[in-house]
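Subject: Model for your review

Dear colleague,

I am handing over the structure below, and after it I set out what was found, with the cut-offs stated where each term comes up. Please read the notes alongside the coordinates.

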Amino acid sequence: MLSAVLAAGLGMAYVADVKAGAAGTPTPATPPPVKPAPIDPTTMAVPDTLEAHIQAATLAAGLDLWGILTLCLPGDPAAVLPAVDERAPPAKVFDNLYYLGMKGVSAWALTTSQGIILIDTLNNPMEAQTAIEGGMRDVGLDPAQIKHIVITHGHADHYGGAQYLADKYKAELVMSEADWAFLERPQTAPPGPDRGPIPKRGRAVKDGDRLTLGDTAIELYVTPPHTPGTLSLIFPLKDGAMNHVGGLWGGTAFNFAAKPENFTPYIASAQRFRDIATKAGADVLLSNHTMYDGTKEKVKALATRKANERHPYVIGIQSIQRYLTVAEECGKAGFGGTSALAASSSR
């Protein structure tokens with residue numbers, strides 16, 4: 001039922017492309033004929049059924065937020081990604097933000113008046129060498145200026161190069177206390193051969209902390225349950241004379257068992273971070289996976305952007321709200337609706 005309802009909203013070609021692992025943001029064969037009206041996520045009333053939550057997510061996604069809508073598909077959207085990730089060209093995205101990554105997973109360099117804050121470190125030391133160090137040099141940055149390394153969550157595709165970079169540049173590793181503890185537990189299986197080592201404990205942050213370097217501060221919010229201490233971020237961005245605010249949703253996929261104790265905190269985190277991002281005036285959406293924020297397409301658009309043309313990453317406050325509404329509604333659909341959640345948890 002879930003896939004049939006979603007296919008009606010997306011178009012069968014889109015569903016087929018995602019299941020086949022097509023590169024880039026999928027394009028439906030026949031787009032919906034009418035652009036959905038803007039949604040106010042604070043007032044939208046959604047009947048508490050599986051179908052209604054999927055339809056609400058589809059409506060919130062509109063014609064531009066297809067990546068996050070894959071959460072409503074059966075299975076793990078990340079499972080369709082290629083087993084071997086390839087390096088992507090680095091790019092200056094804002095005056096103070098640079099994309100350094102692979103085609104599937106991202107790292108970000110945030111420049112400040114006193115050095116660089118690196119956000120995530122890819123899969124392993126080799127990728128850190130080529131895509132982060134090499135990428136920084138390609139765009140005119142000095143890796144020796146890395147002062148802090150924020151790890152959004154304790155999965156190896158984000159911490160894989162962390163210890164290598166921290167050791168080489170004497171940079172401070174930063175992760176939530178919950179995820180340091182998560183990584184310090186006995187591991188059920190060692191990291192794969194293409195994954196870097198678990199990093200040594202660095203600074204442990206808690207919900208609402210700020211990391212300040214020079215003229216820039218990152219706000220850190222704990223948003224489980226992709227991992228117990230997934231961090232989502234708010235930070236300032238500059239584009240010439242224009243100031244913007246970036247919002248990075250730190251853990252997107254439903255990588256957990258379909259149980260109410262997992263979906264309930266995911267829904268709560270999406271709702272809460274939507275409110276935080278709205279209050280902060282976040283108008284730029286960022287992710288640590290390119291499929292969710294459309295980085296591959298947006299970086300290409302940046303390369304041909306003309307003077308006074310809209311920045312492709314600046315999607316507006318309302319679109320950030322819609323993005324997190326999709327996450328919320330797909331979370332509700334994931335276990336059949338909040339009524340199903342409540343019924344299951346009462347058993």
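Strand β8 (residues 210-213) and β9 (216-222) pair in the antiparallel sense over four bridges, where strands and helices are DSSP runs numbered from the N terminus (E, at least two residues, for a strand; H or I, at least four, for a helix), and where two strands count as paired if DSSP finds at least two bridges between them. Within this pair L213 stands opposite T216 of β9, and in the hairpin, which has two residues between the strands, G214 takes a positive phi near 60 degrees. Before going further, please note that this is a predicted model, in which local features need pLDDT of at least 70 and side-chain atom pairs count only at pLDDT 80 or more, while totals for chains, interfaces and linings use all residues. Residues are numbered from 1 along each chain as its sequence is written, and side-chain values use heavy atoms, with hydrogens and water left out.

β9 is mostly covered, since five of its seven residues are buried; buried here means under 20% relative accessible area, exposed means over 50%, and partly exposed lies in between, computed with a 1.4 Å probe on protein chains only. On from the hairpin, β9 and β10 pair in the antiparallel sense over four bridges, with E219 standing opposite I234 in β10. Strand β10 (residues 231-239) also pairs with β11 (242-248), again in the antiparallel sense, over seven bridges, and there P236 has V245 of β11 as its bridge partner. The hairpin of β10 and β11 has two residues between the strands, and in it G240 takes a positive phi near 65 degrees. β11 pairs further with strand β12 (residues 284-286), in the parallel sense and over three bridges, and G246 stands opposite V284 in β12. β11 is mostly covered, with five of its seven residues buried.

β11 also takes part in a cavity. The structure holds one cavity of 30 Å³ or more, and the largest cavity has a volume of about 30 Å³. A cavity is a set of points, on a 1 Å grid over the protein atoms alone, where a 1.4 Å probe fits but cannot get out, and its lining residues have an atom within 4 Å of a point; the points are joined across faces, edges and corners, and the volume is the space filled by probe spheres set on them. The lining is made up of G247, L248, W249, F273, L285, I320, Y323 and L324, and the elements that give two or more residues to it are β11 and α12 (317-334). α12 gives the most, with three residues. By class, the lining divides into seven nonpolar residues, one polar and no charged, with Ala, Val, Leu, Ile, Met, Phe, Trp, Tyr, Cys and Pro counted as nonpolar, Asp, Glu, Lys and Arg as charged, and the others, Gly among them, as polar.

Ahead of α12, the loop between α11 (295-303) and α12 holds H311, which is buried, with a relative accessible area of 3%. A polar atom of the H311 side chain lies 2.7 Å from the backbone oxygen of V93. Not counting residues up to four places away in sequence, H311 touches V93, F94, D239, L302 and R305, contact being heavy atoms within 4.5 Å. N308 is found in the loop between α11 and α12, but N308 is exposed, with a relative accessible area of 84%.

Some backbone geometry deserves a separate check. Most residues other than glycine have a negative phi, and most peptide bonds are trans. N308 has a positive phi near 70 degrees, and D120 has a positive phi of about 70 degrees although it is not a glycine. D120 is found in the loop between β4 (115-119) and α5 (125-138) and is buried, with a relative accessible area of 1%.

The peptide bond from P224 to P225 is cis, with omega near 15 degrees, and P225 lies in the loop between β9 and β10. Both prolines are in contact with P265, a residue of helix α9 (residues 260-280) that counts as partly exposed at 25% relative accessibility.

Best regards

Key. 1 Å grid on protein atoms, 1.4 Å probe; cavity = no way out; pocket = protein on both sides within 12 Å on 5 of 7 lines; lining within 4 Å. Polar contact = N/O pair within 3.5 Å; in protein donor to acceptor, adjacent residues only side chain to side chain.
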